[in-house]
Amino acid sequence: MTHSHLLKSAAICSLAIALIGCGGQSDVSAASTDTKPSPRAPGSVDPSIWPMAKSPVGLDAAMEARITELMSQMTLRHKVGQVIQADIGSITPEDIKTYPLGSILNGGNSAPNGDNRSPASAWVKLADEYYEASKEAYTGGVPFIPMIWGTDAVHGHNNIPGATVFPHNIGLGATRNPKLLGKIGAITAQEIRVGAQEWTFAPTIAVVRDDRWGRTYEGYSENPDVTASYAGELIRGIQGRPGSETWLKGKKVIATAKHFLGDGGTNQGRDQGDNLDTEEQLRDIHGAAYPVALDSGAQSVMISFSSWQGTKLHGHKGLITDVLKGRMGFDGFVVGDWNAHGQLDSCTNENCPDALHAGLDMYMAPDSWRGLFDNTLAQAESGELDLERLDDAVRRILRVKLRSGLFEAGKPSSRPGAAEYAVLRDPASKEVARQAVRESQVLLKNDGVLPINPAATVLVAGDGADNIGKQSGGWTLSWQGTGNKNSDFPGGSSFLDGIKRHVEKAGGSVIQADAQGIYMGNPTVAIVVFGEEPYAEFKGDIDNLAYKPGDDSDLALLKKYQAAGIPTVAVFLSGRPLWMNRELNASNAFVAAWLPGSEGGYAADLLFTDKDGKVSYDFKGTLPYSWPRTAIQTPLNYDDEDYDPLFAYGYGLSYSKPGKVGALPEEAGIELSAKNDSEFFKAGKAVFPWALVIGDPSGKTTVKTTKAASPAGVVSIVSADDGVQENIRTLSFDGTGKARFEVRGTPVDLSRQNTGDMAIYMRLRPEAGAENADVSLTLDCGKGCDPVQPLGKILGAVKAGEWTEVSVKLSCFAEGSSMEYVSAPFAVETADKVSFSISDIKLVANEGQAVCLD
């Protein structure tokens with residue numbers, strides 16, 4: 001953060017003093033105050049303008065000598081193994097006996113036995129199995145080098161049922177409490193050790209500048225000062241204090257600063273997109289927390305999927321080698337992201353020397369590890385791979401393993417903290433999470449309904465009221481965080497639990513509305529909990545900041561109670577600020593609850609007085625991101641020259657500092673009533689208002705998770721990868737079954753699209769049994785449709801494992817205007833045993849490529 005940038009921040013705080021609680025500015029500054037764009041070629045860097053950092057431990061001569069001795073005894077095969085990391089969903093302990101890989105990880109959907117609900121004991125058992133098997137890969141005098149296991153513990157150890165799930169980073173950013181972050185880091189590390197892992201891919205220190213990004217909730221704030229103020233506390237909490245006996249050992253684990261660099265500032269907020277900022281902006285905004293993280297002893301840095309000025313970060317030698325390792329003096333190791341090296345123009349997932357040459361030390365090759373190992377070894381043997389660079393990468397990895405005491409740690413189950421399952425239930429840890437929940441809530445509006453007398457009759461409604469999975473968001477037990485039930489969070493607390501705890505203790509009563517908001521009784525106040533469904537990464541990318549455009553069900557519920565004269569409190573669960581003016585107008589109080597995690601029910605502590613009418617907990621949270629005035633007001637950041645938010649960065653009401661919010665304009669800046677009628681399936685999921693449904697003679701199942709089956713198990717569906725994680729689905733039929741995209745709500749009118757010569761575009765890949773299968777493509781548009789098209793013709797003509805694209809004219813199903821009531825624009829049916837994958841499915845203009853299949 002440059003001096004001029006800080007002055008600008010202060011000026012904004014002064015101008016918005018009535019709204020903003022600007023707190024916690026750090027004194028972290030960049031190496032230069034020059035903010036003029038560099039004249040160099042796009043994507044090139046000048047390391048001299050970047051801040052310097054310094055490892056708090058430095059290189060130890062004795063340790064470096066030990067590494068040199070180790071490396072002198074390693075074969076080229078063992079060196080190559082050290083720089084490759086595989087996912088436990090794609091590698092077995094048996095594989096490790098042959099392939100001496102240096103690391104494994106569990107991705108968001110990987111767990112022991114393929115079960116995301118596996119208990120901690122299963123993780124310990126599997127860690128031991130990998131450890132014992134890996135010994136067999138070291139023969140012929142090569143010293144044994146233990147593997148290191150990385151895990152995405154991004155808001156607590158969110159992989160194991162019963163572990164403490166803290167609020168996502170956006171909520172922690174609202175607390176402005178760096179010391180609290182240190183406690184959270186320490187608890188997370190301790191709970192990781194219970195499952196016998198030693199490395200977390202956290203913290204995320206991205207600075208998010210466009211809230212359309214699906215990872216917005218993984219950032220702490222749009223203000224780099226907030227992120228910089230947290231980075232050191234988090235790293236020390238996770239790893240311990242550098243130089244201490246417990247640094248990286250005992251109940252501490254290795255931390256990862258990620259994602260280097262600029263992923264929070266991609267054009268239009270697109271995940272894995274291109275950051276177009278100047279080098280000075282990249283340094284001052286997105287790089288602000290990295291010197292702090294390195295000064296605090298961060299031992300690994302993860303490279304971003306994204307690009308900077310057109311160059312993929314995984315191949316950016318200037319930023320990785322010259323800036324991070326050179327100017328900033330980073331002496332740990334650099335790890336890649338999920339097959340991201342394969343996105344370099346010169347690379348594939350299984351062949352990528354250029355990433356290593358750019359400075360990557362460890363490839364994250366979850367399912368491509370075998371091919372990558374074989375190719376990298378061949379390149380090392382032929383001289384195509386720079387052996388000095390390979391040796392440097394291996395040295396860095398061994399350095400961190402030695403610093404962490406891994407060589408002396410022994411079997412994972414025997415290490416400090418392993419299998420101490422009671423730690424997952426530690427009341428002290430849960431209390432820290434509850435503190436984080438209470439301090440993260442931001443009160444946007446209060447017309448006097450809050451605080452509530454707990455002796456009242458309280459109506460509780462909304463699909464988030466008793467839904468711990470929804471309140472925890474993505475990266476919770478699974479990658480996308482979908483399909484979780486309250487029982488998956490033993491000891492957890494939903495909002496309903498928290499409300500009952502206060503009301504029933506005071507002699508009041510709780511009325512719970514049904515899914516339609518219908519209730520019995522005479523409530524004196526209503527609390528409606530609603531918000532975004534869980535998502536992660538690119539699946540959360542959106543085009544604008546409107547909340548559920550085309551779906552007014554939550555708004556209708558608020559208006560229903562408003563019309564009945566019931567004072568209503570809206571509690572909004574989200575991973576970002578969204579345009580909510582209509583919902584704000586329909587509420588007497590509005591709380592931005594973010595994604596509070598397993599202890600979210602303790603947010604209710606702020607909504608009630610005690611039995612004597614006193615407030616026990618006041619609102620402390622302030623906005624970490626600016627709240628938009630319209631749905632298209634993005635990017636929106638506190639240091640914009642034309643800054644004009646609805647609620648400014650730092651805004652937050654409280655009982656001690658109340659404020660009034662009048663009637664808000666309800667013009668979103670875009671059309672909200674029109675439903676999406678052109679995209680049905682994108683990025684591995686159905687696009688609202690469409691839902692993917694699979695069925696067999698026993699009934700049907702709406703697919704909400706990464707794996708699902710029809711009631712009789714005839715049809716199954718799983719997520720799969722095609723260049724990007726989980727961006728396709730594979731359908732498998734074992735007899736008579738169907739799969740279709742059904743509209744949620746009223747059917748859509750596609751008559752204009754039909755007369756306009758539109759077509760349904762599909763990207764398909766036969767997997768097995770397609771060569772002779774009779775697969776029908778249908779469309780449900782009511783009377784007048786002739787829905788059957790022989791899709792089996794297309795699938796049978798394509799080689800298994802290869803993609804094909806086809807566009808089928810809408811008019812193939814019904815002529816003219818007979819498509820006023822389309823409830824399923826795409827449906828497949830078969831009685832054969834066949835499997836195939838689907839990618840994008842959408843309406844497109846027929847430019848001569850569309851056909852009829854019969």
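**Exercise 1. Cys812 and its disulfide**

Determine whether Cys812 is buried or exposed in this predicted model, and then describe the disulfide in which Cys812 takes part.

*Solution.* Begin with the accessibility: Cys812 has a relative accessible area of 11%, and because buried means under 20%, Cys812 is classed as buried. Next, identify the partner, which is Cys852, with an S to S distance of 2.0 Å. The torsion about the S-S bond of this pair is about -100°, so the disulfide is left-handed. Then place the two cysteines along the chain: Cys812 sits in the loop between β29 (804–809) and β30 (824–830), while Cys852 belongs to the segment after β31 (833–845), so the bond ties together parts that are 40 residues apart in sequence. Finally, turn to the accessibility of the partner: Cys852 is partly exposed, having a relative accessible area of 38%.

**Exercise 2. The other pairing**

State how many disulfides a search of the whole structure finds, and work out the handedness of the one that joins Cys347 to Cys352.

*Solution.* The search of the whole structure returns two disulfides. One of them links Cys347 and Cys352, with an S to S distance of 2.1 Å. About the S-S bond of Cys347 and Cys352 the torsion is about 70°, so this disulfide is right-handed. For the surroundings of the bond, take each cysteine in turn: Cys347 is buried at a relative accessible area of 9%, and Cys352, with 0% relative accessibility, also counts as buried.

**Exercise 3. The setting of Thr216**

Locate Thr216 in the secondary structure, and find which backbone oxygen its side chain reaches.

*Solution.* Thr216 is found in the loop between β4 (199–200) and α8 (224–239). Its relative accessibility is 0%, and Thr216 therefore counts as buried. The side chain of Thr216 reaches the backbone oxygen of Trp213 at 2.7 Å. If residues up to four places away in sequence are set aside, Thr216 touches Ile170, Val208, Asp210, Asp211, Gly575, Arg576 and Tyr625.

**Exercise 4. The setting of Ala768**

Decide in which strand Ala768 lies, and list the residues that Ala768 touches when those up to four places away in sequence are not counted.

*Solution.* Ala768 is part of strand β26, which covers residues 758–768. With a relative accessible area of 42%, Ala768 is partly exposed. Leaving out residues up to four places away in sequence, Ala768 touches Lys833, Val834 and Ser835. As a last step, consider Thr175, which is 593 residues from Ala768 along the chain: the C-alpha atoms of these two residues are separated by 52 Å.

Technical notes: Residues are numbered from 1 along each chain as its sequence is written. This is a predicted model: local features need pLDDT of at least 70, side-chain atom pairs count only at pLDDT 80 or more; totals for chains, interfaces and linings use all residues. Side-chain values use heavy atoms; hydrogens and water are left out. Helices (H or I, at least four residues) and strands (E, at least two) are DSSP runs, numbered from the N terminus. Buried means under 20% relative accessible area, exposed over 50%, partly exposed in between (1.4 Å probe, protein chains only). Contact means heavy atoms within 4.5 Å. A disulfide is a pair of cysteine sulfur atoms within 2.5 Å. A polar contact is a pair of N or O atoms within 3.5 Å; within protein, one must be able to donate a hydrogen and the other to accept it, and residues adjacent in sequence count only if both atoms are side-chain atoms.
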